[in-house]
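Work through the exercises below with the sequence and the coordinates open. Each task is followed by a worked solution.

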Amino acid sequence: MRTLVRPAQYTALALYIVFLGFPLLWLLSASVKSSEELNSLTVSLLPTEWRWDNYSQALERQGLVRSSANSLVVALVSTALVVVIALPGAYALARFRGAMRALGTGWILVSQVFPVILVILPLFLILRTVELTDSLVGLTLVHTTYTLPFALWMLQGYVSAIPRDLEEAGSMDGAGRASVLRQIVFPLLMPGIVATAMFSFVSSWNEFFFALVLLQSPENYTLPITLKMFIGGEGKVALGPLAAGSILAAVPSIVFFSIMQKRLTGGLLSGAVKG
Amino acid sequence: MSTATAPARTSARPPGPPRRSGAATRARRREAAALVLPSLLPVLVLSVAPLVVGIALAFTDARLVRRPEYSVVGLENFERLLGNGFFWESFRIGMVWAVSVTLLQLVAGMGLALLLAADLRLQGLTRVLALIPWAMPPVVVAIMWRMIYSPNAGPLNAALGSVGLPDDVNWLADFSTALPAVVVVGVWVGMPQTTVTLLAGLQQIPGELHEAASMDGAGAWRRFTAVTLPSLRPIVTSITSLNFIWNFNSFSLVYVLTEGGPGGKTMLPMLFTYLEAFKNRNIGYAAAMGVVLVVVVVALLTVYLWSQLREEKGAR
């Protein structure tokens with residue numbers, strides 16, 4: 001009985017690895033295959049010859065560079081906005097008790113339940129009256145709004161983790177509130193700020209729905225929209241460049257998650273779930 | 001000012017907080033307000049206000065046209081919605097999707113979390129693999145799985161063919177396979193969060209509990225049901241609730257995979273509402289759909305959380 005446990009565990013682990021990893025491998029392999037090989041009926045994971053020109057083709061054609069630049073600008077600006085807005089709010093949320101905290105937490109939860117469609121309808125009308133619908137400025141505002149609640153939640157978790165005693169010790173030593181915040185809280189909070197910033201960046205970079213609704217002209221498209229447009233015409237898809245472009249689009253968030261891996265498994269979400 | 005507040009806060013813990021001076025409390029309030037206002041204003045303007053307006057829209061006949069003129073029509077949208085068979089069919093599909101994805105995520109995530117908690121080789125690789133789906137843009141995930149499911153050049157059909165099974169299934173375009181096929185992708189995408197959360201929970205269970213159970217002669221399965229599951233219960237409840245909400249509200253993945261086809265077989269409620277708003281341009285009607293969806297989801301969650309709470313109390 002005991003001897004059977006290990007092999008069973010390894011079999012299960014192998015199945016998980018295949019389920020989780022194979023699609024990624026396939027995408028990678030498609031990105032280095034020639035179009036003849038991609039359309040041939042003999043299917044194999046390893047390409048017969050490695051072709052890197054899918055990547056250069058993806059970058060040359062179809063506005064991928066332009067939409068990457070758009071995505072980058074929107075993600076960077078909305079990240080900056082989210083952090084600047086969320087920092088004081090998260091501090092207050094974590095440190096002050098009472099009705100405000102309850103309301104704040106309640107709102108964060110509610111904002112997770114509501115479907116984005118109910119938010120985008122009025123936002124669309126509002127943005128249209130100020131002529132910001134087909135615009136990256138409008139999209140940046142929407143991304144900021146959309147990321148803010150969870151960023152607040154993340155950051156307040158990091159603030160709560162800083163012992164109050166440290167701040168109080170600082171105050172006892174005669175340091176003013178502002179300098180306590182600047183010299184004690186802020187340095188300790190830096191990893192949390194970095195994590196929140198990266199989270200905001202990735203959610204904006206990956207975001208599809210709002211961009212789909214708001215952006216109309218191709219020169220404003222963000223990366224996900226451009227990729228979606230690649231597969232618009234059925235059959236006429238250049239699969240190789242599409243796979244290459246997809247991989248390029250996934251790079252920022254994969255880098256983020258590799259850096260965050262330890263922290264994430266450490267309990268970012270468990271903290272968020274337990275409140 | 002700040003030095004006065006600090007001692008007051010230290011002593012605000014039990015036993016018996018002494019009365020703070022009114023001035024210090026007021027100062028603290030002002031400070032809190034100054035800190036919260038910069039984040040409160042954008043949230044109010046960009047998040048709370050649109051939501052309130054969105055709900056209000058549900059009671060109008062607003063259309064998405066230049067120079068919109070609309071009037072309040074009361075409950076008319078909701079009455080129309082009651083008789084809209086397509087909406088309720090989409091609602092049914094949404095429930096099937098959300099419930100099956102959530103359940104499978106839980107079962108698969110639990111299995112993976114247990115394996116990751118056990119002392120096995122290949123841990124590092126599995127951990128990274130378990131996180132990547134989370135990191136990928138939904139559009140890229142959808143593109144990738146379209147390649148996997150591709151009827152002619154896809155690896156899935158090739159693998160099936162090589163073991164003598166039918167190899168000509170058009171997974172995403174066949175009426176009977178489209179919904180199960182997108183459910184699998186949904187599980188793939190959502191498993192990481194569930195796994196990571198459950199793993200964190202598993203690591204918080206004190207090892208002595210398991211040891212005590214083994215001493216009492218409990219086998220692996222018995223230890224799982226008697227020790228692990230009860231300890232994880234609050235975490236399981238939260239992650240399934242969150243997963244259910246996220247799945248029910250999901251849009252991008254299925255939109256890119258199938259656009260709701262074939263024949264509406266994967267028309268999730270969010271896709272249906274999106275089409276009503278931005279293709280048929282009936283935003284008042286679409287808002288009413290959104291309101292109905294929120295109400296139903298909140299009702300279901302309330303029932304679920306309430307029953308979980310009762311069971312938890314009963315178990316003690």
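**Exercise 1.** How far apart do the C-alpha centres of domain 1 of chain A and domain 2 of chain A lie?

Solution. The model is a predicted one. Start with the bounds: the domain assignment of chain A places domain 1 at 2–51 and domain 2 at 62–274. Next, take the C-alpha centre of each domain; the two centres are 33 Å apart.

**Exercise 2.** Describe the side of domain 1 of chain A that touches domain 2 of chain A.

Solution. Begin with the count: seven residues of domain 1 of chain A are in contact with seven residues of domain 2 of chain A. Then assign the domain 1 side to helices. Helix H1 (2–31) and helix H2 (35–39) of chain A each supply at least two residues to it. H1(A) has the largest share, with four residues. Last, sort this side by class: four residues are nonpolar, two are polar and one is charged.

**Exercise 3.** Characterise the fold and overall dimensions of chain A.

Solution. First, list the secondary structure: chain A has 13 helices and zero strands. Second, compare the radius of gyration with the globule rule. A compact globule of 275 residues would have a value near 19 Å, whereas chain A has 23 Å. Third, take the extents along the principal axes; the C-alpha trace of chain A spans about 75 × 70 × 30 Å. Fourth, look at packing: 43% of the 275 residues in chain A are buried. Finally, consider the contacts in chain A between residues at least 6 apart in sequence; of these, 75% join residues at least 24 apart.

**Exercise 4.** Analyse the side of chain B that touches chain A.

Solution. Count the residues on both sides: 78 residues of chain B are in contact with 73 residues of chain A. Then find the main contributor on chain B. Helix H2 (residues 22–57) of chain B gives the most to this side, with 15 residues. By class, the side of chain B that touches chain A holds 60 nonpolar residues, 17 polar residues and one charged residue.

**Exercise 5.** Check the length of helix H5 (residues 123–135) of chain B against the expected rise, and list its buried residues.

Solution. The helix has 13 residues, and at 1.5 Å a residue H5(B) should span 18 Å. The end C-alpha atoms of H5(B) are 19 Å apart, so the two values agree. For burial, the criterion is 20 or more other C-beta atoms within 10 Å of a residue's own. The buried residues of H5(B) are B:Thr126, B:Leu129, B:Ala130, B:Leu131, B:Pro133 and B:Ala135.

Key: Residues are numbered from 1 along each chain as its sequence is written. Chains are lettered from A and ligands numbered from 1 in the order in which they are written. This is a predicted model: local features need pLDDT of at least 70, side-chain atom pairs count only at pLDDT 80 or more; totals for chains, interfaces and linings use all residues. Two residues are in contact if their C-beta atoms, placed from the backbone, lie within 7 Å. Ala, Val, Leu, Ile, Met, Phe, Trp, Tyr, Cys and Pro count as nonpolar, Asp, Glu, Lys and Arg as charged, and the others, Gly among them, as polar. The radius of gyration is taken over C-alpha atoms; the globule rule is 2.2 Å times the number of residues to the power 0.38. A residue is buried if 20 or more other C-beta atoms lie within 10 Å of its own, exposed if 12 or fewer, and partly exposed in between; C-beta atoms are placed from the backbone. The expected span of a helix is 1.5 Å times one less than its number of residues. Domain bounds come from an automatic or database domain assignment.
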